[in-house]
Amino acid sequence: PDQRMLAAFVCILLAVCHGAVYEGHLTTQEQWHYLGKFCFSNEFGTQAGAIGKLQYYITTPSKTTNLILYLDTDGYDDAGSWRKAYDMYKSGSNCSALVEMKLPGGQHHVVSNLEGQVLTKDHNRPHYWFVVAADCSSTEGLNLSYYHMEFTNPVPHTSQDLWYKEFSFDQQGLGQAYIVFAVFFFIVLGAHGYGIFILVQSGSYHTIIKLVTAGLSLLLVSTFSYVIHYSIFAKNGVGSPGIEGIGLILLMLSQVLLMFICLLVAKGWTITTNQLAQPRAIQGAMGLMLILHFSLFIWDYVGRDSASTAYFYDSAVGFLVVTLRLALLAWFCYSLRETYLLEDNPLKRTFYIVFGTSSFGWFLLPPFIILVALGIPAWNRFRVITCFSLVVDAIGWSSLVVLFWPTRVTKFFTVKPTTLQSSMVVGQNTDSNTAQGNYD
């Protein structure tokens, strides 16, 4: 059973290709079937040679197969409207009616084993192009023994090919962003490593600091995973979906770990008390958050309708993740207030205020960004949310490194604790009268 679960998990990581290249085979009873989409840029639309391309190669026994093109038009009833065509498809409209909805000039006859291409030049705004295989005269549906489609964006200068040509407009710039943040997280982890050396030398490497180390390491590896994926993507338009999936999982784990750290501090563990209050509630909340994040990961890879432009959180699971995050924020604020009132040490009270302010921002900003992003056009939404999320994580984790610097740790963590494991089991409520002493 374990081997079967592992095999299924690997299949999830490798199953879906998000990219400029779509290939595979298709056998279906349907006469009209979606194949892929790509967002063409308009940034170089007025420059000579700035032509977007769709190149395709299809092997099929049918002589009546066509590629049909649609667009994310501004108006629902505009010619070539993908929204209207896809709604008609889901409501059961026949193949001929769906083909009639095509973009003007958007029907291209497929000659088996012969390469074809479609050229596009847009001066107005970025547009998603949607490609469908259709064979309305077939009584047996579609049979594509092999198909290969490669989209490329217009790039007038070869110096810009690496990070623009193979990338859909909604992903352009993400490769460079991940490189910048990978370097930043590497520097932050390096500084944190120096702090660890000092703490180990003095015997003060606290459990919460170890959790910070683990979370930062997960985030760094996650960011480097995206760097590897986008670097490969820039060369072949496919990237490494498996490495990208690993990066996403590690990112989710680092975020859950940061929530756990925030709750530990809010409860005053080893700062104001030596026991962790409400351990089962914390375990349950973190377990639920892990389950929801993993469910969101599975939805993103195998459950999301690839024919839509829906974002990561545009789902029931995504809504639950955001809702639980806000609920944890409320719990964090309440616990921190209770702990603050118990604490009589002015230095520690100041620490709680600073920590609470920075953590409040980290908890709240992602849901706020997601809400604001609903008003951002689909062709910009993904990269805007991704970049802002990287900024929020950078601020959150670097703040922890600064707040938990060795010179401060010895001042804040002065209560002799039980181990975290025993605290999670025992979890007796304590107050600020707990015996004080240096942590070792």
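Buried means under 20% relative accessible area, exposed over 50%, and partly exposed in between, with a 1.4 Å probe and protein chains only. Helices (H or I, at least four residues) and strands (E, at least two) are DSSP runs, numbered from the N terminus.

A word on the source: this is a predicted model, where local features need pLDDT of at least 70, side-chain atom pairs count only at pLDDT 80 or more, and totals for chains, interfaces and linings use all residues. Residues are numbered from 1 along each chain as its sequence is written, and side-chain values use heavy atoms, with hydrogens and water left out.

**Exercise 1. Work out which side chains of β6 point to which face, and which are buried.**

Step 1. Start with the general pattern: in a regular strand, side chains alternate between the two faces of the sheet.

Step 2. Now walk along β6. G116, V118 and T120 share one face and are buried. Q117 and L119 point to the other face and aren't buried.

**Exercise 2. Put the four strands of the open sheet in order and say how they pair.**

Step 1. Two strands count as paired if DSSP finds at least two bridges between them. The order is β1-β8-β3-β6, with antiparallel pairing.

Step 2. Look for the edges: β1 (21-28) and β6 (116-120) each pair on one side only. From one strand to the next, the twist averages 20°, where axes are lines fitted to C-alpha atoms, for helices over the stretch in contact, and angles run from 0 to 180 degrees between N-to-C directions.

Step 3. Check two pairings. β1 and β8 (residues 142-152) are joined antiparallel over seven bridges, and T27 sits opposite N143 in β8. Strand β3 (residues 52-59) runs antiparallel to β6, with five bridges between them; here K53 stands opposite L119.

**Exercise 3. Find the acidic partners of R125 in its network of salt bridges.**

Step 1. A salt bridge here is a side-chain nitrogen of Lys or Arg within 4 Å of a carboxyl oxygen of Asp or Glu. The whole structure has four of them.

Step 2. R125 meets D72 at 3.3 Å, N to O. This pair ties together distant parts of the chain, 53 residues apart: R125 is in the loop between β6 and β7 (127-134), D72 in the loop between β4 (66-71) and α2 (82-90). Both R125 and D72 are buried.

Step 3. R125 also bridges to D74, with the closest N and O atoms 3.0 Å apart. So D72, D74 and R125 form one linked network, by the cut-off for a salt bridge.

Step 4. Compare the burial. R125 counts as buried because its relative accessible area is 13%, while D74 is exposed because its value is 65%.

**Exercise 4. Name the residues with the most contacts inside the largest nonpolar core, and the element that gives the largest share.**

Step 1. A nonpolar core is a set of buried Ala, Val, Leu, Ile, Met, Phe, Trp, Tyr and Cys residues joined through side-chain atoms within 4.5 Å. The largest one has 80 residues, and M286, L328, F332, F351, F355 and F404 have the most contacts inside it.

Step 2. Its largest share, 14 residues, comes from α7.

Step 3. Zoom in on F355, taking contact as heavy atoms within 4.5 Å. Not counting residues up to four places away in sequence, F355 touches C262, V265, F332, L400, L403 and F404.

Step 4. Another core, of 23 residues, lies apart from the largest one; among its members are A20, L54, V118 and V131.
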